[in-house]
Amino acid sequence: MADRNQAAYARPSLVRYYGQLHQLQPAEQGILERLKDHLPAMAMLDIGVGGGRTTQHFWPRVGDYTGIDYSAEMIAACRARLGCSGSTLAGSDLAAPPSARAGLKAPNLAVMDARDLSAFTDHSFDLIWFSFNGLDYVSHADRLQVLREVHRVGKPGAYFVFSSHNLRGIAQAFDYRLHLSFNPLSAYVDLVMWGLLRWFNRGIQMSDLAQSDHLILRDESHNFALQTYYIHPAAQVEQLAFGFRPIEVYPWTQRHPVKSLEDPALASPLWLYYLCQVL
Ligand SMILES: C[S@@+](CC[C@H](N)C(=O)[O-])C[C@H]1O[C@@H](n2cnc3c(N)ncnc32)[C@H](O)[C@@H]1O
């Protein structure tokens, strides 16, 4: 699974796509706002930086910024976007005001797999970020390995922020009744997408979606090219319990966490953000 996804993330079309993304998602904005006073004193590890969407927002704000991605092509795009070669700055097109960039330490950008963070010693980082579902592109066993590595390189009390696909959300997309509408054109397009979703996941039944903690699916992003891990929010919280607490859950569309895992706001978003701290 990881090899197939890694090859997809080297494709020029995906590199171009992630290289032009700019905005933080609403949940990320809320979390940034919450942490902003602490950022200048923080050493940050940004995993799966892709084309540098989050780099633009965090590098100017944190004390020390390290971004990694297992796709060499993504790291090259990120460097090109920031106007730095290797770790040497050569001007930049950052969104931050010039005053915030004056005297800025160059970002460390490296090709590295989150499953093996042995280049970093234990307790190296105050903030570890793995955004836009990057964690979902490795197998279940590898995901647990990534979480162990994140736990190891985080200082006690370090924040870990990531998003992951929501098994509750995709369950709705599998139900054809939710794709019917009075507008014939949108009903047609929706039903074609529904048919493709069912075809690419033909071994998976509705009952699997209801009963599983997690599943590997092929969804419509990047034309069904990726194998993607979807997890039930309660199972995600349990998966983190070995070394992270407290755990807050945010629909990606909201700047505030939900109050409980029973909140109906968790039923439909296709991905959720999790904020927790290393124990
Ligand atoms: C959906 S893209 C998001 C890119 C970027 N974070 C953003 O928000 O625009 C996921 C990124 O995670 C990277 N990735 C996935 N698994 C990884 C792993 N095991 N180690 C490092 N990077 C990984 C991919 O190469 C890809 O660039």
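1. Start with two helices in this predicted model. Helix α7, residues 140-153, packs against helix α11, residues 233-240, at an angle of about 50°, and their axes lie 11 Å apart. That angle makes α7 oblique to α11, because an angle of this kind falls outside the roughly parallel, antiparallel and perpendicular ranges.

2. Which residues do the touching? From α7 come His140, Arg143, Leu144 and Leu147, and they meet Gln236, Gln239 and Leu240 of α11. By type, the residues of this contact are 3 nonpolar, 3 polar and 1 charged.

3. Now look at the largest nonpolar core, which has 28 residues. The ones with the most contacts inside this core are Leu45, Ile47, Phe120, Ile128, Phe130 and Phe160. Two or more residues each come from β1 (43-47), β6 (125-130), α7, β7 (154-166) and β11 (271-277). Helix α7 turns up again here, giving the most to this core with 4 residues.

4. Phe160 is a good residue to click on. Leaving aside neighbours within four places in sequence, Phe160 is in contact with Ile128, Phe130, Leu147, Val150, Leu240, Phe244, Tyr274, Leu275 and Cys276. Two of these names, Leu147 and Leu240, you have already met in the contact of α7 with α11.

5. Apart from the largest core lies another one, of 27 residues, including Leu32, Trp59, Cys78 and Leu104.

6. How confident is the predictor? The chain averages a pLDDT of 91, and 94% of the residues score at least 70. Please be careful with residues 87-100, though: pLDDT stays under 50 there, and the model has 28 contacts beyond four places in sequence for this stretch.

Key
Residues numbered from 1 in each chain as written. Predicted model: local features only at pLDDT ≥ 70, side-chain atom pairs only at ≥ 80, totals over all residues. Heavy atoms only, no water. Axes fitted to C-alpha atoms, helices over the stretch in contact; angles between N-to-C directions. Parallel < 35°, antiparallel > 145°, perpendicular 65-115°, else oblique. Contact = heavy atoms within 4.5 Å. Nonpolar A, V, L, I, M, F, W, Y, C, P; charged D, E, K, R; others polar. Core = buried A, V, L, I, M, F, W, Y, C linked by side-chain atoms within 4.5 Å. Buried < 20%, exposed > 50% of the residue type's maximum accessible area, 1.4 Å probe, protein only. pLDDT = per-residue confidence, 0-100.
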